[in-house]
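Here are some comments for a colleague who is beginning to read protein structures. Please keep the sequence and the 3D view open while going through them.

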Amino acid sequence: VSQEPAALREEGNSLFKSCDFQGALSCYTRALKLSDSQPENAILHRNRAACYLKLEDYSKAEADATKALDTDPGDVKARFRRSQALQKLGRLDQAFMDVQRCAQLEPKNKAFQDSLRQLGAQIQQKSLQLSSTDARVQQMFTVLLDSSSPLSDRQKAAQNLVVLSREDAGAEQIFRNDGVRLLQRLLDCKQEEIILSALRTLVGLCTGHQSRTMAIVNELGMERLCAVMGLGGEALSLAACHLLQVMFEALTEGMKKDVRGKEEAILPEPSRELRSMLRHLVEVLTAAEVSGAGRDSAINLLVKQVPRKSLRDPNNSLTLWVIDQGLKKILEVGGTVPGVLDGPPITDNTHMSCSVLLSKLYEDLKSDKERENFSNLCEEHIQYHFTCAGLEGKLRAIQTVSVLLQGPSDVGNRTLELSGIMESVISLCASPDLVHQQVAVEALIHAAGKAKRATFITANGVALLKDLYKKSENDKIRVRALVGLCKLGSAGGTDFSMKQFAEGSTLKLAKQCRKWLCNESLPPSSRRWAIEGLAYLTFDADVKEELAEDRQALQAMFQLAKSEDKTVLFAVGSTLVNCTNSYEVDKPDPQMVELAKYAKQHVPEEHPKDAQPFVEQRLSKLLEAGVVSALVCMVKQESPALTESCKECIARVFLALVQKQEDRGMVVAQGGGKALIPLASEGTEMGKTKAAQALAKIAITSNPEIAFPGERIYEVIRPLVSLLALDRTLLQNFEALMALTNLAGISERLRQKIIKEKAVPKVEGYMFEEHELVRAAATECMCNLVLSTEVQELFVATGNDRLKLLVLYSGEDDERLRKAAAGTLAMLTSVQPQLCQRIPESTTHWLEILQALLLSESVELQHRGAVVALNLIQAERSLAERLMESEALEILSVLAKGASQSNPTARAAKQCLDMATEYGIIKPNST
């Protein structure tokens with residue numbers, strides 16, 4: 001490829017003309033990097049703006065057009081493109097000014113005149129809308145400010161304000177009518193419903209609007225917002241948390257926009273507001289007056305907003321700042337033991353949330369130096385408490401180690417090696433104080449996570465755990481000791497022959513776990529530990545079978561999954577993955593197994609009850625017990641405990657549940673389809689793939705418009721397209737193609753969404769796949785996609801073999817492929833008659849392929865052949881002559897006999913002959 005800017009520009013121009021906008025964009029971008037000529041750069045920016053308009057990236061289109069105008073203010077094309085971008089961005093006044101200037105430069109240009117009229121009408125409509133909205137805003141404010149108004153009227157007005165703030169015009173009017181000051185007064189009132197409405201109105205004002213957000217942060221102050229989040233009620237805390245999240249997103253999005261249009265107000269960089277928000281959130285962590293729910297919300301916000309969204313982004317400065325300013329505070333909260341030590345109020349979820357935050361911060365570090373600093377700060381904090389503050393300090397240190405072991409476990413393991421820590425854990429397990437005992441046993445359980453540590457504890461701690469399990473009079477301690485034993489007992493994983501404990505003891509432990517799980521007199525935190533135990537024990541197929549049979553235990557587990565205790569999510573997910581066998585299993589090569597046996601090496605064995613018939617029965621029992629509604633609730637949890645690995649577990653289970661076609665209806669009816677969409681877009685790569693495959697299976701056999709009602713159906717397309725990749729399995733490719741075929745057949749809007757997700761080149765690629773089912777599925781998908789003009793234009797464009805491929809596939813042996821190819825051909829030749837004359841040029845075998853379709857035993861193939869023949873005859877007389885000179889005349893004559901409304905093939909054949917008669921190629925009696 002030539003590296004000259006001019007040659008790259010020409011290449012971009014030809015790609016643009018053939019509708020390859022992404023390719024053109026790439027050429028112009030490469031040319032810009034090489035060019036040092038201002039006039040050349042202006043043309044490249046103008047051309048690139050046209051690409052961005054076509055790709056619907058209007059902010060970048062506006063930015064590029066502005067760069068072109070900076071060099072040449074008289075460039076009418078660039079100005080018109082900027083006007084189009086501004087119009088799409090809703091900045092109508094600026095768009096009008098640009099197009100007005102274009103019309104002054106070229107008064108006879110019809111496109112400019114049309115655009116002027118259209119923008120004038122839009123601006124007038126917006127003005128009317130604003131004036132009516134203005135009156136509504138004033139009326140609501142009057143009611144809200146009048147303390148003598150009935151409470152019900154004030155509540156209704158506050159609610160109406162929320163609705164209004166969700167419209168652009170409404171949000172702008174509230175903001176301009178001194179609304180922020182009023183909302184500030186509402187936040188200070190004592191009525192929860194009105195405070196909630198004020199928070200939700202602020203969400204409307206801030207969503208996607210950087211300048212308003214900056215003004216609101218500065219006017220309200222973070223202290224006030226954090227104080228609302230720290231109030232006792234969970235509803236208020238969550239609403240304030242949501243507002244702060246929206247504010248973060250508005251500010252960070254604003255920082256990503258590298259260029260702003262000239263006419264837009266120049267805004268200060270929002271980093272000062274971001275730092276202010278982060279500083280206040282970090283201070284909230286240890287503030288004694290903040291409620292437990294408020295603290296959890298602050299941690300949740302830090303989890304979502306601080307680490308980089310992509311590791312390709314080189315800037316992890318927010319993470320480094322939070323570690324520098326707040327790591328000690330996070331560890332302080334993580335080390336709090338309720339009821340024993342002085343510390344801020346926490347909930348059952350706080351420790352897990354701290355673990356997730358610590359893990360996210362550690363994973364976001366880029367160098368060994370940064371990681372070493374993080375570990376040293378943690379070790380110093382733990383060492384300080386362990387050595388300086390007596391027994392309470394040791395407890396705090398051990399609790400902090402527990403939190404680290406559940407988070408960045410490498411750091412946790414290092415702190416475990418600190419002098420005296422492990423010995424203190426073992427000795428506190430025997431403490432007469434129940435809380436001390438509980439903290440120590442939990443630390444011991446988390447320490448058993450690593451194989452090295454598990455071996456040490458098996459040697460030193462098993463006797464202690466057994467003693468606690470058998471002799472303790474407190475079920476809270478017994479259930480935790482039991483989990484420690486479960487964790488050590490499952491060290492062989494799914495390998496049936498590698499069990500550390502005597503035969504049958506895992507079943508006894510599991511029976512006790514199920515008993516505690518069903519015991520409603522135990523606190524939820526202790527019943528959660530029973531599920532933790534099952535998460536380890538269900539590696540054993542006998543345990544899976546007994547749990548699946550115990551409907552009461554299953555339903556108790558599902559109830560806990562729906563409860564406020566979010567820390568249970570991963571344990572429930574892991575248990576269900578084990579019960580459904582939805583983990584990855586590497587089947588060993590039989591020859592390697594024989595060699596291993598010969599060399600007396602250990603060979604993993606599968607339990608007989610892990611065979612497919614047993615798994616299917618367990619899946620049926622889980623469905624009957626209500627597993628789908630539990631999974632749906634788990635997905636909805638707004639909690640750091642819903643980690644990426646937890647989402648992967650849920651996605652794996654969903655995929656197992658939809659394996660059988662007859663079960664998919666139940667999964668959809670209980671909300672499974674809706675729940676899978678976020679799982680397919682957020683989480684681990686494996687989790688997203690599993691969720692996307694489950695969506696594909698549902699979209700293949702259910703009516704997609706019922707399974708994914710309303711706008712949700714459009715959200716399914718991107719996950720499906722993600723399965724069209726070389727690193728996915730052929731089954732995943734096949735199922736995605738089948739699902740996309742269904743969706744492409746529903747509406748033009750869905751086809752446009754599929755095209756926008758760049759699926760067409762991928763579908764074309766799979767039309768060359770060796771596997772005949774995948775090849776046929778891709779061709780079927782293309783058959784539905786050619787209903788869109790953009791896809792038709794790909795076939796109309798010269799210099800490619802797309803048409804030839806369809807003609808050749810229409811003559812293949814595989815009937816499914818022939819039907820799809822001939823159907824596509826029939827469709828294309830109907831809507832793009834110019835393609836008809838190119839069919840004889842595509843291959844010398846075109847006539848025999850067409851005749852073979854007409855002679856096929858399949859009625860569907862005959863009909864497709866007859867439609868193609870009719871389209872050829874209607875398109876051009878010379879084609880009609882060639883057909884009538886061949887055996888096609890005789891075949892069509894036979895097919896045309898008995899033409900009726902109920903026989904479309906005969907009807908099409910008769911139309912062929914009638915057309916040939918009109919041309920005078922054949923005589924009427926020759927039929």
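The numbered points below take up a pair of helices, then a single arginine, then one further helix.

1. Please bear in mind throughout that this is a predicted model, and that the residue numbers count from 1 along each chain as its sequence is written.

2. Begin with helix α10, which spans residues 179-187, and helix α12, which spans residues 210-220; their axes come within 11 Å and cross at roughly 50°. Because of that angle, α10 counts as oblique to α12, and the crossing in which α10 passes α12 is right-handed.

3. Turning to the residues that bring this pair together, V180, R181, Q184 and L187 on the α10 side meet I216, E219 and L220 on the α12 side. Sorted by character, the residues of this contact comprise four nonpolar, one polar and two charged.

4. Next, look at R751, which has its place in helix α43, residues 748-756. Is R751 buried or exposed? Its relative accessible area is 9%, so R751 is buried, given that buried means under 20%. Once its neighbours within four places in sequence are left aside, R751 is in contact with A744, G745, N784, L785, L787 and S788.

5. Finally, consider helix α53, residues 888-896, in which the buried residues are A888, I891, L892, S893, L895 and A896. Which helices help to cover the buried residues of α53? Included in that cover are α50 (846-855), α51 (859-875), α52 (877-884) and α54 (904-919).

Conventions. This is a predicted model: local features need pLDDT of at least 70, side-chain atom pairs count only at pLDDT 80 or more; totals for chains, interfaces and linings use all residues. Side-chain values use heavy atoms; hydrogens and water are left out. Buried means under 20% relative accessible area, exposed over 50%, partly exposed in between (1.4 Å probe, protein chains only). Helices (H or I, at least four residues) and strands (E, at least two) are DSSP runs, numbered from the N terminus. Contact means heavy atoms within 4.5 Å. Axes are lines fitted to C-alpha atoms, for helices over the stretch in contact, and angles run from 0 to 180 degrees between N-to-C directions. Angles under 35 degrees count as roughly parallel, over 145 as roughly antiparallel, 65 to 115 as roughly perpendicular and the rest as oblique. A crossing is left-handed if the near helix is turned anticlockwise from the far one by less than a right angle, and right-handed if clockwise. Ala, Val, Leu, Ile, Met, Phe, Trp, Tyr, Cys and Pro count as nonpolar, Asp, Glu, Lys and Arg as charged, and the others, Gly among them, as polar.
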